[in-house]
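Reader: I am new to this structure and would like to learn how to read a few of its features. Where should we begin?

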Amino acid sequence: MKRFTFILFISTFFCNIIFADMAPMLKVPGGNMVPVNNNDVQMQSEVITISLYPGYYMVEVNYIFKNHGKQQKVAMGFPSSTDGYALTTKDFKAYEGDVKLNTYKAKGTWDFKINSKNYFLNEPQTGIDVFECVNVDFAEGEVKSIKNTYRASYAFCQPTNPELQINALIFHYILKTGSLWKDSIDSIRIVLNTDNVDDFLVKEKMYFQDNKMTFGNIDTTFVNIDPDFDFSFIVIKAKAIGADYSSSTLAQQGNYTFDVSNLSDKDNKTAWVEGVSGYGIGETIVFSSNQTQHMAIYNITIDSIGIITGYTYDEQSFEENSRVKKIEICHIANDDHTSQYIESESIIIDLKDTTEMQYFVFEKPLITSGFFVKIIEVYKGSKYADTAISEIKFFVKQE
């Protein structure tokens, strides 16, 4: 059994991305690159910094390598995939110190499998078919600092039974590739930043190696490690409801766009603007739950809503464009997750003519799989008929 020791600087261990140690590579007949052992060069240490964002994550890995042998050129490969799933790295870059290195893709495979008793994993079980490669020249006895940066997307997985959370995300830590260098790795430090995903992931619920636990910002160091295993992590996407489309949208003007994604970007300087002539009375925005499984949309519970009416880019934009004065919310509930839907009574909300967010608590929480918001009445703009809404925020119960 290989050695595995770590020092935990905070009380919770977590690393929820797909990344891997760079491996020494060799070109074989046919042009493919394969990972091989290098008995001269040691990966002495590495620091992996991961920043999570809604929809993607960024990774920076800083390595220290030492050549214990003679002068040599070493091909280093970072496992990736061409299948478009979470194993695929994007915008991969490599540096020696501050100097950017030339990188190239090379066909090659690495046997990587992950299983879970809690979740079905909706991705290929052997998805690594390409390596992001870079050539590094070492003098005899030389120590070098090498850095990688890249981004990648999350992958979905589904629960094996209905009692578990749906819309789970799967990430992998491919550690075995680091075992191909000389000797053991003195230290591996993992720094995880989750500050930007407070509304995206449920931090109280995750699985590490199929064991349920919680996570947060991490600063963890492993020492004296020669790995013969990989890690697997599953986290739960927070329940949310978002705008899918609208009955009309104002056309782009220069660099300014007005589509429904502006309603939830947490930026008061952007807005959705309807695109019909007149004041947009009767125009609608359609919202739906993000809780889906096997083509079915699950209900979520909404306690309240926050709305910033008008185009709040600045005071002039707010006054010149029309603002919503009254809206109708009509929501749809999924009947026991079947194909039968029940249209509920509509709710009328009156808005004040202000740039501040206005909050409305429902008398009874909305249990819904989706709804539409319709413009009923507006405050007329001093210059334009176009009616805008800057932000809509939903307060969803995370059960």
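Author: This is a predicted model. We can begin with the largest pocket: β32 gives the largest share of its lining, six residues.

Reader: How does one find a pocket, and what is the volume of the largest pocket?

Author: Rolling a probe the size of a water molecule over the atoms shows where empty space is left. Here the largest pocket has a volume of about 1,000 Å³. Its lining is made up of 36 residues, and those closest to the centre are Asp199, Ala240, Ile241, Lys266 and Phe394. Two or more lining residues come from each of β17 (201-208), β21 (241-246), β23 (284-289) and β32 (387-396). By type, the lining has 17 nonpolar, eight polar and eleven charged residues.

Reader: Which residues touch the most other members of the largest nonpolar core?

Author: In soluble globular proteins, nonpolar side chains tend to be buried together. In this model the largest nonpolar core has 44 residues, and Phe65 and Met76 touch the most other members. Beyond four places in sequence, Met76 touches residues including Met22, Phe65, Val134, Phe138 and Trp181. Another core lies apart from it, with 26 residues, among them Ile285, Ile349, Leu351 and Ile389.

Reader: Is Thr49 buried, partly exposed or exposed, and why?

Author: Thr49 counts as partly exposed because its relative accessible area is 29%, between the limits of 20% and 50%. Thr49 sits in strand β5 (residues 41-53). Setting aside neighbours within four places in sequence, its contacts are Met58, Val59, Glu60 and Val191. Thr49 and Leu192 are 143 residues apart in sequence, yet their C-alpha atoms are 6.0 Å apart in space.

Definitions and conventions. Residues are numbered from 1 along each chain as its sequence is written. This is a predicted model: local features need pLDDT of at least 70, side-chain atom pairs count only at pLDDT 80 or more; totals for chains, interfaces and linings use all residues. Side-chain values use heavy atoms; hydrogens and water are left out. A nonpolar core is a set of buried Ala, Val, Leu, Ile, Met, Phe, Trp, Tyr and Cys residues joined through side-chain atoms within 4.5 Å. Buried means under 20% relative accessible area, exposed over 50%, partly exposed in between (1.4 Å probe, protein chains only). Contact means heavy atoms within 4.5 Å. On a 1 Å grid over the protein atoms alone, a cavity is a set of points where a 1.4 Å probe fits but cannot get out, and a pocket is an open set with protein on both sides within 12 Å along at least five of seven lines; lining residues have an atom within 4 Å of a point. Grid points are joined across faces, edges and corners, and a volume is the space filled by probe spheres set on the points. Helices (H or I, at least four residues) and strands (E, at least two) are DSSP runs, numbered from the N terminus. Ala, Val, Leu, Ile, Met, Phe, Trp, Tyr, Cys and Pro count as nonpolar, Asp, Glu, Lys and Arg as charged, and the others, Gly among them, as polar.
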